[in-house]
Amino acid sequence: MSNKTSKQPTKRLRGMYDTLPSETWIWQRVESIAQQVFQSYYFQEIRFPLLEETALFHSAIGEATDVVDKEMFSFQSRSGKKISLRPEGTAGCVRAIIQNDLCNRGSQQKLWYQGPMFRYERPQKGRNRQFTQLGAEIFNVPSAQADAELILMTARLWKKIGLPNIRLEINSLGTLETRKEYREVLIKYFKQHLDVLDEDALKRLESNPLRILDSKNPKMSPIIETAPVLSDYLDEESQLHFDELKNILDVCGVDYRLNPKLVRGLDYYSKTVFEWITDDLGAQGTICGGGRYDALVELQGGKPTPAVGFAMGIDRIVELIKDLDLWQENSSIDACLIVDKEINISIINQLSEKIRNTLPSLNLWVNQNPASFKAQFKKADKLSAQFAIIIGSDELSNNRFTLKSLQDKDFGQKQGSFKQLIEWLQHFK
Ligand code: HAM
């Protein structure tokens with residue numbers, strides 16, 4: 001018996017997942033549809049770091065939010081600086097536009113971004129510690145037209161992906177001053193019901209009472225139901241802005257539900273907030289959320305710049321596509337090169353490169369371990385390849401190539417020169 005102890009394989013961290021080839025095609029297709037849609041509205045891509053100074057997220061998202069209070073992956077850099085993995089994209093995007101002076105002289109900016117975000121949450125279906133967001137932000141458009149454009153753009157995206165039963169909920173949080181006033185009203189109201197508030201709500205009572213409205217605790221639902229609503233305290237400007245948004249959505253035929261309790265989990269919002277929600281994913285049904293944050297750029301040291309944006313969770317959208325079995329994978333292999341195992345491997349590379357040079361759009365799979373013709377055909381079948389390009393030693397010395405269709409019986413099998421082989425394949429492409 002060997003006394004060698006074998007090493008236990010290292011496992012992935014909790015709440016972080018590998019995306020395997022059996023699934024990456026869904027991610028790629030969602031991302032590519034989204035990019036086409038964003039481009040059709042002339043949004044431009046911006047990329048910014050995964051790591052930022054922790055202070056950025058504290059001041060942008062808010063100290064009393066769950067994201068900052070409980071969920072950040074934070075640590076010290078080698079130089080002793082406090083840094084964090086980004087829990088969302090808006091803070092970094094705002095830092096980037098200020099630092100790169102993208103919003104000077106009041107010019108409009110329409111930007112999109114994509115990438116991993118990190119939140120130390122309790123993992124469950126649709127809630128991961130590393131997840132991918134696709135987001136878009138509009139800077140320097142104060143009117144509700146920008147809020148509406150973002151909503152219309154996402155509605156178009158759901159249609160292109162084919163997502164059924166997604167509902168839009170909207171609300172207005174008013175200006176920061178309105179919210180301050182409403183906050184006091186809420187604190188006073190909840191203080192009359194201290195015996196019903198759970199531990200979480202008691203903690204939030206002074207720091208973030210609006211978030212109590214988000215609680216799913218059934219014991220608290222009667223008092224949440226009868227709590228004062230923010231819409232009764234809205235300032236005139238926010239009310240007009242909200243009316244304008246609703247009017248555009250009505251005219252454009254976008255259905256929405258008014259949800260006066262929709263407050264969102266990040267402190268930077270003012271005026272419009274919205275979420276796209278599905279009931280098909282269980283508890284984590286929000287696939288996209290966003291809103292206006294007119295004060296944030298100035299708060300972060302930039303010039304006063306009205307702004308609005310959203311981010312969607314790609315993990316949840318992929319989950320939904322899989323759960324509802326919405327898409328079928330298309331075979332992407334056009335041809336397999338099937339070669340006699342006696343042929344020198346350098347010749348196989350030379351030949352496959354020659355085919356690729358002539359037909360750059362062809363997907364060509366080349367077997368790289370010597371195998372029998374039978375095994376190679378089996379592999380080609382498994383890959384659902386359209387064609388097999390068969391090369392035996394004799395054929396190679398005579399410069400003849402056999403092309404066999406693996407899907408179309410009428411085509412059958414043909415033999416010819418390299419030029420003919422390319423013509424047949426070209427016809428197919
Ligand atoms: P958020 O609502 O925190 O907003 O996140 C946006 C979306 O990211 C959610 O609707 C959800 O689909 C997805 N998401 C969030 N957390 C997780 C998680 N742990 N696992 C999987 N998916 C998740 C924001 O992040 C704002 N920055 C959106 C925004 C942009 N507002 C204005 N501009």
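Let's start with a salt bridge: the side chains of lysine 271 and glutamate 237 meet, N to O, at 2.6 Å. Please keep in mind that everything I show today comes from a predicted model. The two partners come from distant parts of the chain, 34 residues apart. Lysine 271 sits in the loop between strand 8 and strand 9, and strand 9 covers 272-278. Glutamate 237 belongs to helix 9, residues 236-251.

Now, is lysine 271 buried or exposed? Its relative accessibility is 7%, and because buried means under 20%, lysine 271 counts as buried. There is something to see in its backbone as well: lysine 271 has a positive phi of about 55°, although it is not a glycine.

Lysine 271 has another partner. Aspartate 294 forms a salt bridge with lysine 271, and here the closest N and O atoms are 3.9 Å apart. Aspartate 294 lies in the loop between strand 10 (286-292) and helix 10 (296-299), while lysine 271 is in the loop between strand 8 and strand 9, so this pair ties together parts that are 23 residues apart in sequence.

Which residues are linked with lysine 271 in a network of salt bridges? They are Asp147, Glu237, Arg292 and Asp294. If you have the structure open, those residues are nice to display together with Lys271. As a general reminder, side chains of opposite charge can pair when their charged atoms come close.

While we are in this region, let me show you one more pair. Glutamate 275 forms a salt bridge with arginine 264, with the closest N and O atoms 3.0 Å apart. Glutamate 275 is in strand 9 and arginine 264 is in the loop between strand 8 and strand 9, eleven residues apart. Both glutamate 275 and arginine 264 are buried. And how many salt bridges does a search of the whole structure find? The total is 25.

Back to that positive phi for a moment. Asparagine 165 also has a positive phi of about 55°, and asparagine 165 is not a glycine either. You will find asparagine 165 in the loop between helix 5 (144-161) and strand 7 (166-172). With a relative accessibility of 62%, asparagine 165 counts as exposed, whereas lysine 271, as we saw, is buried.

Let's move on to the sheets. Eight strands form an open sheet with mixed pairing, and their order is 1-5-6-11-10-9-7-8. Which strands are at the edges? Strand 1 (44-45) and strand 8 (257-258) are the edge strands, each pairing on one side only. In general, strands of a sheet pair through backbone hydrogen bonds, either parallel or antiparallel.

Within that order, let's follow strand 6, residues 130-139. Strand 6 pairs with strand 5, residues 109-118, in the antiparallel sense over ten bridges. If you want to follow the register, glutamine 109 stands opposite phenylalanine 139 in strand 6, and lysine 110 has isoleucine 138 as its bridge partner. Strand 6 is also joined to strand 11, residues 307-313, by seven bridges, and these two run antiparallel. There, leucine 134 stands opposite methionine 312 in strand 11. Strand 6 is mostly covered, with nine of its ten residues buried.

Further along the chain, we come to strand 15, residues 401-405. Strand 15 is mostly covered too: four of its five residues are buried. It pairs with strand 14, residues 387-391, in the antiparallel sense over four bridges. Here alanine 388 stands opposite lysine 404 in strand 15. Strand 15 also pairs with strand 16, residues 413-416, again antiparallel over four bridges. For that pairing, the bridge partner of phenylalanine 401 is glycine 416 in strand 16.

Last stop, the surface. Which residues form a positive surface patch? The patch is made of Lys374, Lys378, Lys379 and Lys382. Let's look at lysine 382, which lies in helix 13, residues 373-382. Its relative accessibility is 70%, so lysine 382 counts as exposed.

To come back to where we began, lysine 271 is a buried residue with salt bridges to glutamate 237 and aspartate 294. Thanks, everyone, and I'm happy to go back to any of these views.

Definitions and conventions. Residues numbered from 1 in each chain as written. Predicted model: local features only at pLDDT ≥ 70, side-chain atom pairs only at ≥ 80, totals over all residues. Heavy atoms only, no water. Patch = residues over 30% accessible without salt bridge, like charges linked within 9 Å, V, L, I, M, F, W, Y side chains within 5 Å. Areas by Shrake-Rupley, 256 points an atom, 1.4 Å probe, with all protein chains shown as cover. Salt bridge = Lys/Arg side-chain N within 4 Å of Asp/Glu carboxyl O. Lys, Arg positive; Asp, Glu negative; His and termini not counted. Charge placed at Lys NZ, Arg CZ, Asp CG, Glu CD. Buried < 20%, exposed > 50% of the residue type's maximum accessible area, 1.4 Å probe, protein only. Pairing = 2+ DSSP bridges.
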